[in-house]
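User: Could you take me through one part of this model up close? I'd like to start from a single loop residue and then see what goes on around the strands and helices.

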Amino acid sequence: MSPPGSGGSLAGVVIVHFGDFVPTMACVDAVQRDGSRCSRRVVIVDNGANLVASSVAGAQVVPLPENLGFGAGANAGVLALGPNTWDAIVVLNDDVEVADGYLDAAVAALSRPGVALAGGPLYLD
């Protein structure tokens, strides 16, 4: 999936889902609305296999038969992204809504020499 005006950078986005569908869809919508210039591919890891894959447009759903936890879900999502040349791999819990420009900021942070991990501020409602 690539947003309008996509640039040359490529971000893989893994969303680890469990339980309620509503926050997961808000998370996916925020990633898709992000006006970042980078192209992105979204993978949702369904811990417990309760999502209907066809109901999530623009994302690949990876069902897991049971809740294996966030770490194992993140690993399954990164594996599902495949061996691409990613400028950034972003792993999100399903209740996170990224701000506009987040993906470009992640790509920029990770392009700096010696940087392998980046995080942003967290704002609670």
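Analyst: Let's start with Ser-55, which sits in the loop between strand 2 and strand 3 (60–64). Keep in mind that this is a predicted model. Ser-55 has a relative accessible area of 39%, so it counts as partly exposed. Its C-alpha is 9.7 Å from that of Met-25, although the two residues are 30 apart in sequence.

Now to another loop, the one between helix 1 and strand 2. Arg-37 lies there, and Asp-104 lies in helix 3, so the pair ties together parts that are 67 residues apart in sequence. What they form is a salt bridge, with the closest N and O atoms 3.6 Å apart. A search of the whole structure turns up one salt bridge. Arg-37 itself is exposed, because its relative accessibility is 56% and the cut-off for exposed is over 50%.

Asp-104 brings us to helix 3, residues 102–110, where the buried residues are Leu-103, Ala-106 and Val-107. They cover an arc of only 95 degrees around the axis, so they end up on the same side of helix 3. That fits the general rule: an α-helix has 3.6 residues a turn, so residues three or four places apart point the same way. And what do the buried residues of helix 3 pack against? Their partners are strand 1 (10–17), helix 1 (21–33), strand 2 (39–47) and strand 4.

Strand 4 deserves a look of its own. Its side chains alternate: Ala-88, Val-90 and Leu-92 point to one face and are buried, whereas Ile-89, Val-91 and Asn-93 point to the other and are not. In a regular strand you'd expect just that, with side chains alternating between the two faces of the sheet. Strand 4 runs parallel to strand 1, and six bridges join the two. Leu-92, from the buried set, has Ile-15 standing opposite it.

Over on the face that isn't buried, Val-91 of strand 4 is partly exposed, because its relative accessibility is 33%. Val-91 and Ile-89 join Phe-70 and Val-78 in a nonpolar surface patch of about 280 Å². Helix 2 (70–81) and strand 4 (88–93) each supply at least two residues of that patch. To tie strand 4 together: one face carries the buried Ala-88, Val-90 and Leu-92, while Ile-89 and Val-91 from the other face help make the nonpolar patch.

Technical notes: Residues are numbered from 1 along each chain as its sequence is written. This is a predicted model: local features need pLDDT of at least 70, side-chain atom pairs count only at pLDDT 80 or more; totals for chains, interfaces and linings use all residues. Side-chain values use heavy atoms; hydrogens and water are left out. Patches are made of residues with over 30% relative accessible area and no salt bridge: like charges are joined within 9 Å, nonpolar side chains (Val, Leu, Ile, Met, Phe, Trp, Tyr) within 5 Å. Accessible areas come from the Shrake-Rupley method with a 1.4 Å probe; for residues, only the protein chains shown count as cover. A salt bridge is a side-chain nitrogen of Lys or Arg within 4 Å of a carboxyl oxygen of Asp or Glu. Helices (H or I, at least four residues) and strands (E, at least two) are DSSP runs, numbered from the N terminus. Buried means under 20% relative accessible area, exposed over 50%, partly exposed in between (1.4 Å probe, protein chains only). The arc is that of the directions from the helix axis to the C-beta atoms. Contact means heavy atoms within 4.5 Å. Two strands pair if DSSP finds at least two bridges between them.
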